[in-house]
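Visitor: Hi! Could you walk me through the side chains in this one?
Guide: Happy to; let's open it up.

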Amino acid sequence: MGGCCSVDKMFERSMRREDDDEDEVEEEEEEEEYVDDGHTCEGDYGARVRLKGCSKLVSMFTQQGRKGVNQDAMTVWENFGGVQDAIFCCIFDGHGPIGHKVAAHVRDVLPSKLSAELASPMKFNSSISNDDNGGDEDEHTSISSYKASIIKTFKDMDKELSNNFTTDSFCSGTTAVTILVQRCNGRVFAMEEEPDVYRLWLPDENSPGLAMARAFGDFCLKDFGLIPIPQVSYRKLSKDDEFVVLATDGVWDVLSNKDVIKIVASVKKRSTAAELVVRHAVRAWKCKYPTSKIDDCAVVCLFLDSFTSPTSPKVREVSVDRYVDECSNTDTSNESDETAMGEEAQEWRALEGVTRANSVVKIPRFACNPNDIGSQNRSTEEQGEEGGG
């Protein structure tokens, strides 16, 4: 028992010391907040290289574990490649007998190799930033070239390690997690009434509040983070792939992937599959968000069995009764034009964080004619006088 008591007391004392240390750290952080500690040196193309410490943009810290020498390494390059506001962050985790040396070597060499590879304006500036000269170029091509340069640099780094006789990496190595960021001066935040919908805003104006990061057009935001580059994926079709559904967010805001799969798999006539998905989406809108306007819904169903087999498989019986149960009080018949116009006239509130207007503020392209504004005002005043009379 005595031993247990002494252990408890020692534990309490150690906990006090740890708490004291934590308090000291918090106090130091408050004093050093947004203050550059000066732990930087100059890198290639005028970049500021940091191996530890903190600044207004980054906070770096590492602690040795109990397995021996600390094999972790990290670095941050500000104004990377000579491009203002471009930041390259790397963190490495070495392993093996001399993993710490491998991690430190890659930390010192990799950023230099990548900045040299991306030094060309065609490979770096036009790929990340949109200046006046590069905004109209084929951005998809430049991004592809940019990705290829990164992959090439990593391969060259590994090849350089294999030929480096000062660092024996035969049974030692390191992993790496890196990120390259350029701040485009745009702002991304959600409004209070839509906490789950993040929007893109201009640097100095609360507009237009676009609820997407990729789009054609919207050129007022192209210099501030909006891109037209798609996410491209590849999948080899097999006999288990039956269909693909393309739909707008009016569907995905209220139906999950699983919901849509069940609906399409249950149809008896494939010609009605898309319409059935839309009808379920509209029903779900009325059930889940009765005070919100129903978003536009568009669906394309592509059936894949004709690509993989000569005959069409039998339609599987999948129950979708739960949609009817959840919205049993909702009329599923076709609404008349009067009902639709009545819904449009009703007052509606914020979209409860699920659906949203794609753009909050519309920016006019041309200024109005002052004479037109004056005539509109006079017309409005005349209408007011007539109503008052």
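Visitor: Which residues form the nonpolar patch on the surface?
Guide: Val 244, Leu 246, Val 300 and Leu 302 do, and together they have about 320 Å² of accessible area. A patch like this takes residues with over 30% relative accessible area and no salt bridge; nonpolar side chains (Val, Leu, Ile, Met, Phe, Trp, Tyr) are joined within 5 Å, like charges within 9 Å. Areas come from the Shrake-Rupley method with a 1.4 Å probe, and for residues only the protein chains shown count as cover.
Guide: Before we go on, this is a predicted model: local features need pLDDT of at least 70, side-chain atom pairs count only at pLDDT 80 or more, and totals for chains, interfaces and linings use all residues. Residues are numbered from 1 along each chain as its sequence is written, and side-chain values use heavy atoms, with hydrogens and water left out.

Visitor: Which strands supply the patch?
Guide: Strand E11 (243–247) and strand E12 (299–303) each give at least two of its residues. Strands (E, at least two residues) and helices (H or I, at least four) are DSSP runs, numbered from the N terminus.

Visitor: And Val 300, buried or exposed?
Guide: In between: Val 300, which is in strand E12, is partly exposed at 47% relative accessible area. Buried means under 20%, exposed over 50%, and partly exposed is what lies between (1.4 Å probe, protein chains only).

Visitor: Do those strands have aromatics too? Which rings pair up there?
Guide: Let me start with the count, which comes to 5 aromatic pairs. Rings of Phe, Tyr and Trp (its six-membered ring) pair if their centres lie within 6.5 Å; planes under 30 degrees apart are stacked, over 60 edge-to-face, and the rest tilted. Phe 243 and Phe 303 make an edge-to-face pair, 6.2 Å centre to centre with 65 degrees between the planes. Phe 243 is in strand E11 and Phe 303 in strand E12, so this pair ties together parts 60 residues apart in sequence. Phe 243 is buried at 18%, and Phe 303 is buried at 17%.

Visitor: What about Phe 80 and Phe 88, how are their rings placed?
Guide: Their centres are 4.8 Å apart and the planes meet at 35 degrees, so that pair is tilted. Phe 80 and Phe 88 are both buried, and with Trp 77 they form one aromatic cluster.

Visitor: Switching topic: how many salt bridges are there?
Guide: The count is 8, taking a side-chain nitrogen of Lys or Arg within 4 Å of a carboxyl oxygen of Asp or Glu. One of them joins Glu 194 to Arg 199, with the closest N and O atoms 2.9 Å apart; both residues are buried.

Visitor: Which residue does Arg 279 bridge to?
Guide: Glu 275, with a closest N to O distance of 3.0 Å. They are 4 residues apart in helix H7, which means about one helical turn separates them. Arg 279 is partly exposed at 36%, and Glu 275 is partly exposed at 43%. Elsewhere, salt bridges with shared partners link Glu 117, Lys 152 and Asp 156 into one network.

Visitor: How far apart are the ends of H7?
Guide: The end C-alpha atoms of this helix (residues 273–288) are 22 Å apart, in agreement with the 22 Å expected for 16 residues at 1.5 Å a residue. The expected span is 1.5 Å times one less than the number of residues. Its buried residues include Val 277, His 280 and Trp 285.
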